[in-house]
Amino acid sequence: MTACEYIPGLENVPAAQSAISYVDGQKGILEYRGIAVEELAQKSTFLETAYLLIWGHLPTAEELNAFESDIRYHRRIKYRIRDMMKCFPESGHPMDALQTSAAALGLFYSRRALNDPQYIRQAVVRLLAKIPTMVAAFQLMRKGNDPIQPNDELDYSTNFLYMLTERVPDTIAARVFDVCLLLHAEHTINASTFSAMVTASTMTDPYAVVASAVGTLAGPLHGGANEEVMTMLAEIGTIENVRPYIEDCIANKKRIMGFGHRVYKVKDPRATILQQLAERLFEQMGHDHFYDIALEVEKVVEEKLGHRGIYANVDFYSGLVYGKLRIPTDLFTPIFAIARVAGWLAHWREQLDANRIFRPTQIYSGNHNQPYILIQDRVRGEE
Ligand code: SDX
């Protein structure tokens, strides 16, 4: 087989055949298993959508109840994982804490019974159930407090916010948060999902698959952008400062966080919904000055870069929602990870159904027939 042309970043190169989600970057369309994300955001919940993504169909009431109660049952984490987390430095980034503890889950559960549907379902339930608990636990522990146990009376998103803030959130805040998770759940073959697939293709355990994906999501060009957006809005500080700030970024070829996308060349449909959610929260909980700055940033960036297909992406408005819910900025990406576990697991299952280990080739650009030079004859090279 002759090697194809090398495309940096595999831009537009299909790395999989998948029925899980569909994106049209020109029209700004996102569908999960063929259902428009706008409709799911209005009518569904994160867990129901996770079920849809992973098992390929909307659950019956009975299937959904069973799924939800299994997840409630598995929310607790082993005390040894909690004890391990107590050794993490408070200054550590929550994404590093999450990647470490996600991998540690694999120490406790039998590995690689990948041909057993029961094992697959248990792994799906355990990861969806325990990842939020681990994110909340590290948050409380890094403040010097004991983590609090999940409350089985509360639904998925309400329970997470309860474990994180030690207060039961109001229903609007919990619903807005749940829709945020739904919007972040899946997005075809993005970098972290691709990591998950490559790791899954070696037939390792699902905990290693998720740990690999968490590490990839952490980067500022991917899931880490939502945290950087808030830093940028704080740096800008006033509406008057938006235009000079953006012009300076463009003049110095600095990436404007929360904008641009490998696939979307129009506004990310998730950004539109997140903006509406932010406005709903502000009505309920009071206005946010950063929102005015964000609107001005979006206007100026669209004016300057819209013609190049650079528009707001999912990370631009999500931070404003989380900030209003009093979630610390460095937890924005772990929350992205909580949601994207659904997509990673959906692709993990799909990969197993027709697996072939990923092993691409390369275009060799080095030398041949080089001599071995004795150490005393060598000259200092570049590092
Ligand atoms: C996510 O893939 C997914 O689906 C990801 C995601 C998901 O749900 O999983 O949607 C989540 O990761 C959203 C993206 C979050 N990242 C950011 O907001 C960081 C800022 N964005 C950029 O770094 C960039 O837009 C990327 C990484 C998102 C996409 O980059 P591409 O497709 O590789 O585009 P590129 O880097 O080749 O840029 C093309 C040109 C460049 O200019 P030239 O060098 O050709 O002159 O566009 C410019 C870039 O400089 N450009 C930007 C820009 N994004 C691209 N210029 C300023 N600000 C930006 N944000």
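**Exercise 1. Place Leu 58 in the fold and work out what surrounds Leu 58.**

Step 1: Leu 58 sits in the loop between H2 and helix H3 (61-73). Helices here are DSSP runs of H or I with at least four residues, numbered from the N terminus. Before going on, keep in mind that this is a predicted model, where local features need pLDDT of at least 70, side-chain atom pairs count only at pLDDT 80 or more, and totals for chains, interfaces and linings use all residues. Residues are numbered from 1 along each chain as its sequence is written, and side-chain values use heavy atoms, with hydrogens and water left out.

Step 2: Check the surface. Leu 58 has 42% relative accessibility, so Leu 58 counts as partly exposed (buried is under 20% relative accessible area, exposed over 50%, partly exposed in between, with a 1.4 Å probe and protein chains only).

Step 3: List the partners. Skipping neighbours within four places in sequence, Leu 58 touches Ile 35, Glu 48, Leu 52 and Glu 63; contact means heavy atoms within 4.5 Å. Arg 33 is 25 residues away in sequence, yet its C-alpha is 9.3 Å from that of Leu 58.

**Exercise 2. Decide whether Thr 49 is buried or exposed, and find its polar partner.**

Step 1: Thr 49 belongs to helix H2 (residues 46-55).

Step 2: Its relative accessible area is 0%, so Thr 49 is buried.

Step 3: The Thr 49 side chain makes a polar contact with the side chain of Ser 44, at 3.0 Å. That term means a pair of N or O atoms within 3.5 Å; within protein, one must be able to donate a hydrogen and the other to accept it, and residues adjacent in sequence count only if both atoms are side-chain atoms.

Step 4: Beyond four places in sequence, the contacts of Thr 49 include Tyr 32, Leu 40 and Leu 182.

**Exercise 3. Work out how H15 packs on H16 and how H5 packs on H10.**

Step 1: Know what to look for. Two packed helices are described by the angle between their axes and the distance between the axes. Axes are lines fitted to C-alpha atoms, for helices over the stretch in contact, and angles run from 0 to 180 degrees between N-to-C directions.

Step 2: Helix H15 (residues 314-324) meets helix H16 (residues 332-353) at about 105 degrees, with the axes 11 Å apart. So H15 is roughly perpendicular to H16 (65 to 115 degrees; under 35 is roughly parallel, over 145 roughly antiparallel, the rest oblique).

Step 3: H15 brings Asp 315, Gly 319, Tyr 322 and Gly 323 to the contact, while H16 brings Phe 332, Ile 335 and Phe 336.

Step 4: Turn to helix H5 (residues 94-105) and H10, whose axes come within 7 Å and cross at roughly 170 degrees. That pair is therefore roughly antiparallel.

Step 5: Among the residues that meet are Met 95, Leu 98 and Ala 102 of H5 and Tyr 207, Val 210 and Val 214 of H10.

**Exercise 4. Find the side chains that put a polar atom by a ligand oxygen.**

Step 1: Start with the surroundings. The ligand has 24 residues around it, the closest being His 187, Arg 255, His 261, Arg 270 and Arg 340; the cut-off is a heavy atom within 4 Å.

Step 2: Look at the oxygens. The side chain of Lys 253 has an N or O atom 2.8 Å from a ligand oxygen. For Asn 313 that distance is 2.9 Å, and for a polar side-chain atom of Arg 308 it is 3.0 Å.

Note on methods: Helix = DSSP H or I, 4+ residues; strand = E, 2+ residues; numbered from the N terminus.
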